[in-house]
Amino acid sequence: MPNATATPPFKTLGIVGTGAMGRGIAQIAAQAGLTVMLHDLRKGAVAEAKEFVGGMWQRAVDKQRLSGTEAERYLASLKEAATLGDLAGCDIVVEAIVEKLEAKQALFEQLEEILDDQAVLATNTSSLSVTAIASTCRRPQRVIGFHFFNPVPLMKIVEVIPGLRTASDVADRVEALGQAMGHFTARTTDTPGFLVNHAGRAFGTEALRILGERIADHITIDRILVDQGSFRMGPFALLDLTGLDVSHAVMESIYHQYYEEPRFRPSPLTRQRLTAGLLGRKTGEGFYRYVEGKAQVPDETPPPPAEPCPVWLGAEDDEARRRLGELVRAAGWPVESGEAPSAEALCLVAPLGEDATACALRLGLPAEHCVAVDLLAGLEGRRSLMVTPATHAAYRNAAAALFAHDGTPVSVLDDSNGFVLQRVVACIVNVGCEIAQQGVAAPNTIDRAVELGLGYPHGPLAMGDHYGSRRILTILDNMLAATGDPRYRASPWLRRRATLDLPLTSA
């Protein structure tokens with residue numbers, strides 16, 4: 001619901017385009033007390049939009065979240081603008097039309113001939129440059145980005161994006177409008193992907209990279225990020241929900257707009273699946289297959305039984321060694337205390353951004369006996385293990401049985417520089433730090449916008465502080481050293497604050 005204490009800085013709001021986004025904006029604008037003028041080229045579209053929004057209010061009345069009087073008043077404030085000329089009395093117009101630069105420019109040129117010179121032109125674009133949209137207007141200072149997320153009434157965030165020539169008072173008034181509508185307003189610069197879509201680049205692209213390296217299948221990756229990382233949805237379930245026809249286009253667009261920045265590099269896997277028509281839920285099959293809208297996910301196979309064996313702890317810091325020791329002793333397995341493992345011991349290591357092979361060789365351990373454990377998020381929810389190519393099946397099975405002794409699910413990965421959670425989290429934090437470094441938005445705005453817009457358990461900067469910025473930096477540095485891929489180069493924002501023991505959220 002709108003902010004009851006805020007007075008909208010506009011009285012009459014026009015909306016061009018009454019699809020899902022236009023309808024949602026109309027609903028929250030009416031609830032904020034504005035008169036809303038709706039225009040759409042398609043005959044009957046405005047009537048459909050009013051009926052849809054009215055139905056939403058009636059549902060709220062039925063659930064006693066809204067009074068009948070309020071619903072009637074809101075519905076009465078929705079009016080049809082049969083022609084663009086009928087928008088002449090609006091003091092702000094929001095376009096929610098097709099995502100094509102030329103179409104938006106042409107519309108704004110038309111509106112400039114109709115509206116008062118002080119009226120604001122707002123674009124709901126999700127990917128186009130606000131500056132470019134404004135470039136053909138005679139008064140570009142009144143053009144601004146006002147980007148909502150679908151479904152608008154539920155996604156309580158709107159990005160306010162001034163173009164390079166947008167007047168500061170226009171930005172202030174539009175930000176106040178978003179707040180009056182009951183949304184968190186994220187003031188951001190006019191950069192590719194703005195804030196939320198920019199910050200969301202790492203989650204899917206790094207998961208796709210892990211899948212492409214055959215470290216784990218998509219189901220395992222999703223399970224790890226939900227159970228270990230506390231994300232609401234795994235990246236492949238999310239790609240299926242959004243649809244690859246949308247997701248892949250956004251990945252390519254932002255990558256190219258940033259002149260092939262490696263941190264945003266898309267995966268050939270999505271291009272191939274897009275070509276095959278495996279778009280996700282909308283086609284009945286994507287990464288998952290769907291029956292009656294429900295993803296078909298096989299049950300997990302429990303670890304094979306294994307006899308207890310001696311365990312030698314190769315974790316290099318005291319806290320990691322303590323955690324592993326407690327788990328092994330709780331399972332009733334013997335812990336070796338010697339400086340080197342015996343010939344029968346299972347060797348447990350806990351690398352950060354390093355693969356199990358390199359860790360075993362660096363510590364002088366027999367790779368055949370080595371299993372790596374991810375301790376980034378502790379040992380609750382799900383436990384991730386990683387084996388070297390030389391690890392004997394007996395020790396792999398022993399480690400899986402050991403870590404599953406109390407019923408906690410276990411995922412066993414093939415060798416990788418960094419586990420699934422380490423890699424995805426480190427990349428999310430790094431992209432968030434670079435957004436802060438570039439001044440796209442203030443640190444607290446970055447975190448709150450990502451929490452609301454993407455549903456992450458923490459914003460990227462707070463996530464780095466949660467897991468430890470020094471650990472995140474170690475993961476990235478080790479991955480960069482091992483792969484040589486500039487995708488993993490650490491942002492200066494991260495490196496400086498981690499080495500100074502400052503919070504990543506500090507400005």
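UniProt, in an unreviewed entry, places the feature "domain: 3-hydroxyacyl-CoA dehydrogenase NAD binding" at residues 13-188. The exercises below concern a predicted model.

**Exercise 1.** Describe the secondary-structure content and the end-to-end distance of residues 13-188.

*Solution.* Helix accounts for 40% of the chain over residues 13-188, and strand for 20%. The end C-alpha atoms of this stretch lie 22 Å apart.

**Exercise 2.** Locate histidine 183 and determine whether this residue is buried or exposed.

*Solution.* Step 1: histidine 183 sits in the loop between α6 (168-180) and β8 (184-187). Step 2: its relative accessibility is 4%, and the limit for a buried residue is under 20%, so histidine 183 counts as buried. Step 3: the surroundings can then be listed. Leaving aside residues up to four places away in sequence, histidine 183 touches Ile28, Phe148, Val152, Pro153, Met155, Lys156, Ile157, Val158 and Gly178. Step 4: one of these neighbours also offers a polar partner, as the side chain of histidine 183 reaches the backbone oxygen of valine 152 at 2.9 Å.

**Exercise 3.** Identify the nonpolar cores and the residues with the most contacts inside the largest one.

*Solution.* Step 1: the largest nonpolar core comprises 79 residues, and Ile221, Phe236 and Leu494 have the most contacts inside it. Step 2: helix α16 (residues 420-437) supplies the largest share of this core, 12 residues. Step 3: a second, separate core of 38 residues includes Val36, Ile144, Val152 and Val174.

**Exercise 4.** State the strand order of the open sheet of 6 strands and find its edges.

*Solution.* Step 1: the order is β12-β11-β13-β14-β15-β16, with mixed pairing. Step 2: β12 (335-336) and β16 (410-413) each pair on one side only, and they are the edge strands. Step 3: within the sheet, β13 (residues 346-349) and β14 (residues 370-373) run parallel and are joined by 3 bridges. Step 4: valine 349 has alanine 372 in β14 as its bridge partner.

**Exercise 5.** Compare the span of helix α17 with its expected value, then describe how its buried residues are covered.

*Solution.* Step 1: α17 (residues 443-454) has 12 residues and reaches 16 Å from first to last C-alpha, close to the 16 Å expected at 1.5 Å a residue. Step 2: its buried residues are Pro443, Thr445, Ile446, Asp447, Ala449, Val450 and Gly453. Step 3: the elements covering them include β7 (157-162), β8, α7 (196-199), α16, α18 (460-467) and α20 (492-499). Step 4: just after α17, glycine 455 adopts a positive phi of about 75 degrees.

Note on methods
Residues numbered from 1 in each chain as written. Predicted model: local features only at pLDDT ≥ 70, side-chain atom pairs only at ≥ 80, totals over all residues. Heavy atoms only, no water. Helix = DSSP H or I, 4+ residues; strand = E, 2+ residues; numbered from the N terminus. Buried < 20%, exposed > 50% of the residue type's maximum accessible area, 1.4 Å probe, protein only. Polar contact = N/O pair within 3.5 Å; in protein donor to acceptor, adjacent residues only side chain to side chain. Contact = heavy atoms within 4.5 Å. Pairing = 2+ DSSP bridges. Core = buried A, V, L, I, M, F, W, Y, C linked by side-chain atoms within 4.5 Å. UniProt positions renumbered as here; feature names shortened; annotations may be inferred. Expected span 1.5 Å × (residues − 1).
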